[in-house]
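Trainee: Please choose one part of this model and take me through it closely, connecting what lies inside, what lies at the surface and what holds the neighbouring parts to it. I would like one continuous account rather than a list.

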Amino acid sequence: MQATATVLVYSDNARTREQVRLAAGHRPAADVPPVEIVECATLPAVLEALEQGGIDVCVLDGETAPAGGMGVCRQIKDEIFRCPPVLLLIGRPQDAWLATWSRADAAVPHPVDPVAFADALAALMRRRLLTGA
């Protein structure tokens, strides 16, 4: 098993980033490696982190402004070679169709439910770490 998994968290809201950090915990599931969080509050920071490589999963806040997580997701899926899987935080469950449009790999609603979030994150980590996709 990989020593750690790097999770990029994009939100302009420091409280949302904190909720994600707390929900992910040290390790979101027993069968995945511990997580290392990289926080980004702006689109340029996200793009720079992804270009540097080493990101295993992205968590994008769909409520971030001016560049929302859904648009960022669609952009990075188009522009980043072997883009890591994306977990999108959506404002309402009814926004799931927008998450599909953005090509997110999974979506969970705000506010962050720690159990649902950890389950979704662990599933994407397993997929990335086992298949490389």
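Mentor: Two residues are taken to be in contact when heavy atoms of theirs come within 4.5 Å, and that is the sense in which I will speak of packing. The model is a predicted one, and the part I would choose is helix 3, which covers residues 69–79.

Begin with the inner side of this helix, where the buried residues are G69, M70, V72, C73 and I76. When helix 3 is viewed down its axis, these residues fall within an arc of 160 degrees, so they line one face of the helix. What covers them includes strand 1, helix 2, strand 3, strand 4 (86–90) and helix 4, so that both strands and helices appear in that list.

Among these neighbours, helix 2 (residues 43–52) deserves a look from its own side, where L43, V46, A49 and L50 are the buried residues. Down the axis of helix 2 they fall within an arc of 130 degrees, so they too line one face of their helix. These buried residues pack against helix 3 (69–79), and also against strand 1 (5–10), strand 2 (35–40) and strand 3 (57–61). Strand 1 and strand 3 therefore serve both helices, since they are among the elements that cover the buried residues of helix 3 and among those against which the buried residues of helix 2 pack. The face of helix 2 turned away from its buried side carries the exposed residues P44, E51 and Q52, and just after the helix G53 takes a positive phi of about 85 degrees.

Now return to helix 3 and consider its charged side chains, bearing in mind that side chains of opposite charge can pair when their charged atoms come close. K77 forms a salt bridge with D105, with 2.7 Å between the closest N and O atoms. This pair links distant parts of the chain, because K77 is in helix 3 whereas D105 is in the loop between helix 4 (96–101) and strand 5 (106–109), 28 residues apart. D105 counts as partly exposed, because its relative accessibility is 26%. D78 forms a salt bridge with R103, again with the closest N and O atoms 2.7 Å apart. Here too distant parts of the chain are joined, with D78 in helix 3 and R103 in the loop between helix 4 and strand 5, 25 residues apart. At 52% relative accessibility D78 counts as exposed, while R103, with a relative accessible area of 33%, is partly exposed.

These pairs belong to a wider set, as a search of the whole structure finds 7 salt bridges. Another of them joins the side chains of R21 and E39, at 2.4 Å from N to O, and it connects helix 1, where R21 lies, to strand 2, where E39 lies, across 18 residues. R21, at 34% relative accessibility, counts as partly exposed, and E39, at 36%, falls in that class as well. R21 and E39 are linked with R17 in a network of salt bridges. R17 lies in helix 1 (residues 14–24) and counts as buried, at 13% relative accessibility; apart from residues up to four places away in sequence, R17 touches V9, S11, D12, E39, C40 and A41.

C40, one of the residues touched by R17, raises a last point, which is whether any cysteines are joined. A disulfide is a covalent bond between the sulfur atoms of two cysteines, and the structure holds 0 disulfides. C83 is in no disulfide, the nearest cysteine sulfur being that of C58 at 5.6 Å. For C40 the closest cysteine sulfur is also in C58, at 8.5 Å, which is too far for a bond. Both residues count as buried, C40 at 4% relative accessibility and C83 at 13%.

Technical notes. Residues numbered from 1 in each chain as written. Predicted model: local features only at pLDDT ≥ 70, side-chain atom pairs only at ≥ 80, totals over all residues. Heavy atoms only, no water. Buried < 20%, exposed > 50% of the residue type's maximum accessible area, 1.4 Å probe, protein only. Helix = DSSP H or I, 4+ residues; strand = E, 2+ residues; numbered from the N terminus. Arc of directions from axis to C-beta. Salt bridge = Lys/Arg side-chain N within 4 Å of Asp/Glu carboxyl O. Disulfide = S-S within 2.5 Å.
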